[in-house]
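Work through the following exercises with the model open beside you, and try each task before reading its solution.

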Amino acid sequence: MKETEIVFLGTGGGRFTTITQKRQTGGIRILSNRLNIHIDPGPGALIYSLNAGLNPQKLEAVLISHRHPDHYNDAEIMVEAMTRGMLKKRGVVAAPPNILVGNTETGPAISTYHQQMIEDVIIVKPGVNFKVGSTKVVSTEAKHTDSEAVGFRFEIPEVGAIGYTADTEYFADIEKEYMGVRVLIISVMRPLGSPWIGHMTPEEAITIIDAVKPEIAVATHFGMKMLYSGPNREIQLIEEKTGIPTIAAFDGMRLKLGKEIKVVNKKKR
Ligand SMILES: [Zn+2]
Ligand SMILES: [Zn+2]
């Protein structure tokens, strides 16, 4: 079986984690056989990518879930890398309308100058499917303070499906978007007892993970309150309640998916 690697170039979320970089905010890279996707290039995506030895010029696609800076800030520079310094028309960029077109509140977050060098610009909303190489990507529904936010589901032929909720609060039937995924990456910004509009705590994550039953769940996108409370302790509860192996992601974490799914590196001290 061919292997896929998921690299967490950021595990922080929300304004103050981002401003202070208490956790990185570089997004997530998915690497597989001829597949190289960057999801949610927040502040630091370029630098953390280079530091991790992942050449952004090899990217095939940049995907953005919504128009908050912790998810899109480095999008243009990643496009410049993907297009080999704006010299070669290549790659896919998939993002909601407010990133690509703009609206009355915000201009586009990727300029038309940058967009003209992208081979395939895809405006996403829930239910929009597209392909990156042989991988099918489904844009999933999210309920967030940015009404155009989406999540993603990746169906990779060699290894199976990966789900990424992006920023969302719990809503009825969110589980349906991720049924059958082997890995569920779930944004759990807030600690237990401290819910916030548009986000989840371990309590809502438990409901989703219990229904989806992935082989493994990975919690990420930790806000300040979560960091103070301690993500490992908070996330452990999810595993206790669901019986599904669940890990609190750490910056630089590499998760390998083959027959088995495992973290292949240790947390830097
Ligand atoms: Zn966020
Ligand atoms: Zn957000």
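**Exercise 1.** Determine which strands helix H7 lies across, and place these strands in their sheet.

*Solution.* In this predicted model, helix H7, made of residues 202-212, lies across strand S11 (183-187) and strand S12 (216-220), and its direction makes about 160 degrees with that of S11. Helix H9 (residues 231-242) also packs on the sheet, where it touches S12 and S13 and runs at about 175 degrees to S13. The sheet itself is open and mixed in its pairing, with seven strands in the order S7-S8-S9-S10-S11-S12-S13. Its edges are strand S7 (129-132) and strand S13 (246-248), each of which pairs on one side only.

**Exercise 2.** Describe how S7 is joined to strand S8.

*Solution.* The two strands run antiparallel, and four bridges join S7 to S8, which spans residues 135-141. Within this pairing, Phe130 stands opposite Val137 in S8.

**Exercise 3.** Identify the residues that coordinate the zinc ion (ligand 2), then decide whether His68 and His144 are buried or partly exposed.

*Solution.* The donors to the zinc ion (ligand 2) come from His66 (NE2), His68 (ND1), His144 (NE2) and Asp167 (OD), at 2.1 to 2.5 Å. The angles among the four donor atoms range from 90 to 171 degrees, and the site is irregular. Asp167 also bridges to the zinc ion (ligand 1), the two ions lying 3.4 Å apart. For the second part, buried means under 20% relative accessible area. His144 therefore counts as buried, at 10% relative accessibility, whereas His68 is partly exposed, because its relative accessible area is 23%.

Key
Residues numbered from 1 in each chain as written. Chains lettered and ligands numbered in written order. Predicted model: local features only at pLDDT ≥ 70, side-chain atom pairs only at ≥ 80, totals over all residues. Heavy atoms only, no water. Pairing = 2+ DSSP bridges. Contact = heavy atoms within 4.5 Å. Axes fitted to C-alpha atoms, helices over the stretch in contact; angles between N-to-C directions. Donors = N, O, S within 2.8 Å, 3.2 Å for Na, K, Ca; no water. Tetrahedral: all angles 85-135°; square planar, octahedral: opposite > 155°, others 65-115°. Buried < 20%, exposed > 50% of the residue type's maximum accessible area, 1.4 Å probe, protein only.
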